[in-house]
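This report walks through a single chain, taking its helices, its core, the loop and the pocket in turn. Please keep the sequence and the model in view while reading.

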Amino acid sequence: MNRKIKIKFTVFECNLLVNGMNEFRNMLLAEDLPTEDVDELLLKIIDKSEK
């Protein structure tokens, strides 16, 4: 079962979330771990925040 959850963020909260996820992605890259899930989530957040 695939559920969707909608959350409203302010611009500041959205930027904070993107920056935090990007830092996490960088940590994964430094440890040579996969980043596909984080990449997908980051793209969703960025895409929705631009609308």
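Leaving aside its neighbours within four places in sequence, Met 21 is in contact with Val 38, Leu 41, Leu 42 and Ile 45. The model in which these contacts are found is a predicted one. Met 21 also belongs to the largest nonpolar core, a group of 7 residues that is completed by Cys 14, Val 18, Leu 28, Val 38, Leu 42 and Ile 45. Helices H1 and H2 each supply at least two residues of this core, and the largest share, 4 residues, comes from H1. In soluble globular proteins, nonpolar side chains tend to be buried together.

The chain as a whole has 2 helices and 0 strands in its secondary structure. Its C-alpha trace spans about 30 × 30 × 15 Å along the principal axes, and buried residues make up 16% of the 51 residues in the chain.

Helix H2 covers residues 36-49, and its 14 residues, at 1.5 Å a residue, should span 20 Å, which agrees with the 20 Å that separates its end C-alpha atoms. Which residues of H2 are buried? They include Val 38, Leu 42 and Ile 45, and because these three cover an arc of only 65° around the axis, they lie on the same side of H2. An α-helix has 3.6 residues a turn, so residues three or four places apart point the same way. On the other side of H2, Glu 36, Asp 37, Leu 43 and Lys 48 are exposed. Helix H1, residues 11-30, is included in what covers the buried residues of H2.

Three individual residues, drawn from helix H1 and from the loop, can be set side by side according to their accessibility.

| Residue | Place | Relative accessible area | Class |
|---|---|---|---|
| Asn 26 | helix H1 | 36% | partly exposed |
| Asp 32 | loop between H1 and H2 | 69% | exposed |
| Thr 35 | loop between H1 and H2 | 8% | buried |

Is Thr 35, in the loop between H1 and H2, buried or exposed? Because its relative accessibility is 8%, which falls under the 20% cut-off, Thr 35 counts as buried. Leaving aside its neighbours within four places in sequence, Thr 35 is in contact with Arg 25, Leu 28 and Leu 29, and Leu 28 is one of the residues of the largest nonpolar core. Asp 32 also lies in the loop between H1 and H2, but this residue is exposed, with a relative accessible area of 69%. Although Asp 32 is not a glycine, it has a positive phi of about 55°.

Asn 26, which lies in helix H1, is partly exposed at 36% relative accessible area. The C-alpha atoms of Asn 26 and Leu 43 are separated by 15 Å, and these two residues are 17 residues apart along the chain.

The remaining topic is the largest pocket, which has a volume of about 770 Å³. Of the 17 residues that line this pocket, the closest to its centre are Ile 5, Lys 6, Ile 7, Lys 44 and Lys 48. Lys 48 is also among the residues exposed on the other side of H2 from the buried ones. H1 and H2 each supply at least two residues of the lining, and the largest share of the lining, 6 residues, comes from H2, whereas the largest share of the nonpolar core comes from H1.

Conventions
Residues numbered from 1 in each chain as written. Predicted model: local features only at pLDDT ≥ 70, side-chain atom pairs only at ≥ 80, totals over all residues. Heavy atoms only, no water. Expected span 1.5 Å × (residues − 1). Buried < 20%, exposed > 50% of the residue type's maximum accessible area, 1.4 Å probe, protein only. Arc of directions from axis to C-beta. Contact = heavy atoms within 4.5 Å. Core = buried A, V, L, I, M, F, W, Y, C linked by side-chain atoms within 4.5 Å. 1 Å grid on protein atoms, 1.4 Å probe; cavity = no way out; pocket = protein on both sides within 12 Å on 5 of 7 lines; lining within 4 Å. Points joined across faces, edges and corners; volume = space filled by probe spheres on them.
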